[in-house]
Amino acid sequence: MQPSNSNSEISAQDIQPIISQLTLEEKAALCSGLDNWRTKPIERLGIPSIMMTDGPHGLRREKGEGFGNSEKATCFPTAVALASTWNTDLIQKVGAAIGEECQAQDVQILLGPGINIKRSPLNGRNFEYYSEDPILSGKIAAAFIKGVQSQGVGTSLKHFAVNNQEFERMSVSAEVDERTLREIYLRGFEIAVKEAKPTTLMCAYNRINSIFAAEHRYLLHEILKEEWGFEGFVMSDWGAVNDRVEGVKAGLQLEMPGNDGINDKKIVAAVQSGALEEERLDEVVADLLRVILKLAEQKKTGVTFNTEAHQELAQRAAAESIVLLKNEDSILPLSKKRFKSIAVIGDFAENPRFQGGGSSRVNPTKLDIPFQEIYRNLSTGMDLSFCNDSTNDDYLDNELMEDAQQAAQLADVAIVFAGLPNSYETEGYDRQHIDMPPSHIQLIEAVAKVQPNTVVVLQNGSAIAMPWANQVKGILESWLGGQGGGAAIANVLFGRVNPSGKLTETFPQKLEDTPAFLNFPGENRRVSYGEGLFVGYRYYDKKQIEPLFPFGFGLSYTTFEYQKMELSHELMTNEDTLEVSVSVKNTGNRAGQEIVQLYVSSDGNFPNAAIKELKAFAKVALEAGEEKTVTMTLNWRDFAFYHTQYKSWVTISNSFNILVGSSSQDIHLQESIHFQTTQNLPPIFDKYTTFKEMIVHPKSSDLVSPLMEQLMNGMFMDAEFPDEQSKKDAFEFGKAIVLDLPLCKAVGFSKGKFSEEMVEELLNKINT
Ligand code: BGC
């Protein structure tokens with residue numbers, strides 16, 4: 001079937017004639033997959049089948065049936081690494097390259113990106129996700145989606161929603177309050193949906209406040225479709241469906257993989273019995289066909305991709321993702337003048353860890369080996385030795401340890417490769433702790449004991465503890481950098497690339513310091529999100545817990561200076577946008593890139609506020625000595641919170657500080673602004689509303705303040721006080737009691753002066 005207007009949106013007029021020719025059975029059949037990876041075709045009406053595959057950091061197009069054997073594709077840096085670049089242009093380019101590979105392999109939807117919030121470092125899939133911060137996750141996802149979709153290929157933003165652990169992932173209920181849901185767990189999805197219009201979303205396996213994501217009408221329909229205007233379709237995670245008919249009603253258009261017709265029959269039966277309206281099924285089919293037809297139309301034939309160019313892009317992205325965590329004595333970059341001989345130690349130098357386990361595992365087109373890349377980068381006159389300790393073992397045997405120490409001692413500098421083995425990070429289960437294997441720690445400590453110039457290169461997909469951090473001079477976090485990670489590491493070690501990545505998740509000192517420590521991963525199929533809004537740096541800030549490395553942190557081989565902060569307004573309303581500009585200067589002697597971070601901190605009455613929240617960021621490239629002005633824009637949403645009674649985003653008149661810095665804990669400049677709300681929200685008071693709430697609302701404060709006074713006077717009418725101080729204390733106590741009093745309780749407290757009828761009358765006056 002060809003839509004009437006090629007190259008544009010498929011319209012309702014295109015779809016309607018097809019739907020009217022479909023039988024009930026065909027409509028139901030379209031609601032589930034043909035097999036593991038394809039939708040069902042209906043040939044007599046020209047409805048094609050489209051193909052979808054994992055995702056997210058490259059393509060995993062299985063060869064025939066079966067897990068583990070997939071076509072070769074470029075393995076780009078995993079999500080954690082990509083996010084650490086904070087470079088949305090670069091991420092968009094990676095997305096476009098993956099989109100091109102999809103076209104080359106006849107794949108119409110890439111199953112990614114995944115943007116679940118890193119609530120705990122223990123989540124086994126953290127390497128597949130971007131950040132602990134929703135704005136950063138949303139912006140990066142939007143860039144990635146735009147990139148993939150620029151090639152005419154669809155995406156599936158996943159896992160919607162509140163899927164933050166692997167433990168009991170198919171049954172657990174994530175118990176989260178509404179404000180936290182909106183501000184932390186949905187915000188990234190909202191940004192990505194609104195800014196990049198992903199063609200599809202994938203629902204999560206878990207339940208959210210008892211309801212399975214696959215049948216969650218509030219999430220799938222009311223929020224996603226009605227509020228955010230999502231126009232694509234939602235597919236289930238593989239096997240996430242529980243009650244297919246409820247899913248159709250709720251807004252789950254496609255069940256994946258296919259169900260051998262079992263659930264299709266249930267849909268047919270539900271329509272026949274009247275339990276499901278056929279109009280609803282028609283809507284679901286229309287949502288599916290709009291996307292399927294469009295993606296089929298956008299298929300390109302004869303596409304090939306340049307593996308070398310993609311390898312270079314993978315190397316570039318991996319290099320930009322590396323975070324320099326420590327660089328005492330400027331031990332890096334390795335200079336020929338200082339270090340004539342280098343000892344490379346550790347198995348990961350030869351057998352790198354470059355991606356995580358599970359559905360995202362890509363079969364790479366090639367693989368850079370760090371040791372070989374280091375060798376290729378050696379300047380003449382530099383010596384290299386290699387000691388491959390089998391560091392995958394839990395404990396290191398003495399002989400291996402002695403070999404490593406000997407190699408380290410004979411060299412001027414030791415580079416130890418360590419991190420987390422494969423078995424520590426995979427889809428399907430969580431970590432039990434945040435420690436590296438004992439053998440890796442032993443190796444680092446043994447080498448550091450004999451060689452003061454020790455640098456550790458880490459390969460891991462999420463935060464780890466580093467009890468050895470003080471014993472070494474340099475730490476490079478190279479993540480799971482994909483197939484180009486080896487060259488990236490060598491380029492950063494030798495200074496061909498100046499590191500510019502920053503952490504998108506806090507590295508804690510110890511597991512006990514982490515926000516979800518007391519609640520993760522729950523029990524009896526229930527996990528309480530007890531830390532509420534205080535996830536990631538919001539928690540460490542509020543509890544004043546010193547992390548090992550804070551959110552947003554990362555060093556460079558050069559230095560930057562921040563100056564001249566300017567705000568476009570001192571007073572801002574909901575109608576304005578605020579331009580914040582700062583000038584950043586490279587004060588060192590080599591070119592580099594800085595990630596400028598903007599946080600908003602509320603001052604005063606903002607309810608339950610975090611100390612600060614990231615609202616914008618920009619990555620800027622500067623030659624040595626160069627200075628550039630960076631401008632970031634905020635709007636009213638950056639000053640709003642989700643109000644659970646109004647069920648919407650609310651601003652209040654309040655003062656805020658705008659903070660600009662190089663990490664969440666290195667704020668260099670700040671200015672304040674007053675936000676004057678222009679939202680005219682009607683009060684939503686009832687008889688349980690307290691005087692505290694009414695006294696601050698413009699519509700009720702004049703009406704309730706005399707009443708409060710009467711109540712206070714009534715309380716102490718006949719009281720006798722021994723002295724003035726006792727009287728003052730009593731009135732303070734009385735004021736606190738009255739402020740917390742629900743309106744209806746005023747009847748009993750007023751000694752007959754205030755009746756139930758008067759309560760009702762007052763509420764009518766205020767609420768109308
Ligand atoms: C994962 C998804 C993945 C799907 C298909 C599921 O187990 O949770 O992320 O896209 O499998 O492989």
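## Strands and how they pair

Two strands pair if DSSP finds at least two bridges between them. Strands themselves, like helices, are DSSP runs numbered from the N terminus (H or I and at least four residues for a helix, E and at least two for a strand). With that in hand, take strand β26 (residues 654-663): nine bridges join it to β27, and the two run antiparallel. One bridge to look for puts Val660 opposite its partner Leu669 in β27.

Before going on, note that this is a predicted model, where local features need pLDDT of at least 70, side-chain atom pairs count only at pLDDT 80 or more, and totals for chains, interfaces and linings use all residues. Residues are numbered from 1 along each chain as its sequence is written, and side-chain values use heavy atoms, with hydrogens and water left out.

## A five-stranded open sheet

Strands β26 and β27 belong to an open sheet of five strands, in the order β19-β27-β26-β21-β22, with mixed pairing. At the edges you'll find β19 (571-572) and β22 (613-622), each pairing on one side only. As general background, strands of a sheet pair through backbone hydrogen bonds, either parallel or antiparallel.

## Strand β14, covered on both faces

Now look at strand β14 (residues 413-419). Is it mostly covered or mostly exposed? It's mostly covered: seven of its seven residues are buried, where buried means under 20% relative accessible area, exposed over 50% and partly exposed in between (1.4 Å probe, protein chains only). In a regular strand the side chains alternate between the two faces of the sheet. In β14, Val413, Ile415, Phe417 and Gly419 are on one side and Ala414, Val416 and Ala418 on the other, and all are buried.

Strand β14 also has parallel partners. Four bridges join it to strand β11 (residues 341-345), with Ala343 standing opposite Ala414. Six bridges join β14 to strand β15 (residues 454-459), again parallel, and there Val416 has Val456 as its bridge partner.

## Rings that meet

The structure holds 20 aromatic pairs. Rings of Phe, Tyr and Trp (its six-membered ring) pair if their centres lie within 6.5 Å; planes under 30 degrees apart count as stacked, over 60 as edge-to-face and the rest as tilted. One stacked pair is Phe549 and Phe553, at 5.6 Å centre to centre and 15 degrees between the planes. Phe549 and Phe553 are both buried.

Why does the pair of Phe639 and Phe675 count as stacked? Their ring centres are 5.3 Å apart and their planes at 25 degrees, so the pair is stacked. Phe639 lies in the loop between β23 (627-634) and β24 (641-643), while Phe675 lies in strand β27 (residues 666-675), so the pair ties together parts that are 36 residues apart in sequence. Both of these residues, Phe639 and Phe675, are buried. Elsewhere, Trp86, Tyr537, Phe551, Tyr599 and Phe617 form one aromatic cluster.

Charges can sit over rings too (NZ of Lys or CZ of Arg within 6 Å of the ring centre and within 35 degrees of the ring normal). The charged end of Arg119 sits over the ring of Tyr529, 3.9 Å from its centre. Arg207 lies over the face of Phe212, at 5.6 Å from the ring centre.

## Two buried polar residues

Ser84 is found in helix α3 (residues 79-84). With a relative accessible area of 0%, Ser84 is buried. Its side chain makes a polar contact of 3.2 Å with that of Trp479. A polar contact is a pair of N or O atoms within 3.5 Å; within protein, one must be able to donate a hydrogen and the other to accept it, and residues adjacent in sequence count only if both atoms are side-chain atoms.

Asn126 lies in the loop between β3 (109-111) and α5 (134-149), and it's buried with a relative accessible area of 1%. The side chain of Asn126 reaches the backbone oxygen of Ser120 at 2.9 Å.

## Around the ligand

How many residues surround the ligand? There are 14, and the closest are Asp54, Arg125, His159, Asp237 and Glu427; a residue is near a molecule if one of its heavy atoms lies within 4 Å of it. In the side chain of His159, an N or O atom is 2.7 Å from an oxygen atom of the ligand. For Lys158, the matching distance from a side-chain N or O atom to a ligand oxygen is 2.9 Å. Tyr205 has a polar side-chain atom 3.0 Å from an oxygen atom of the ligand.
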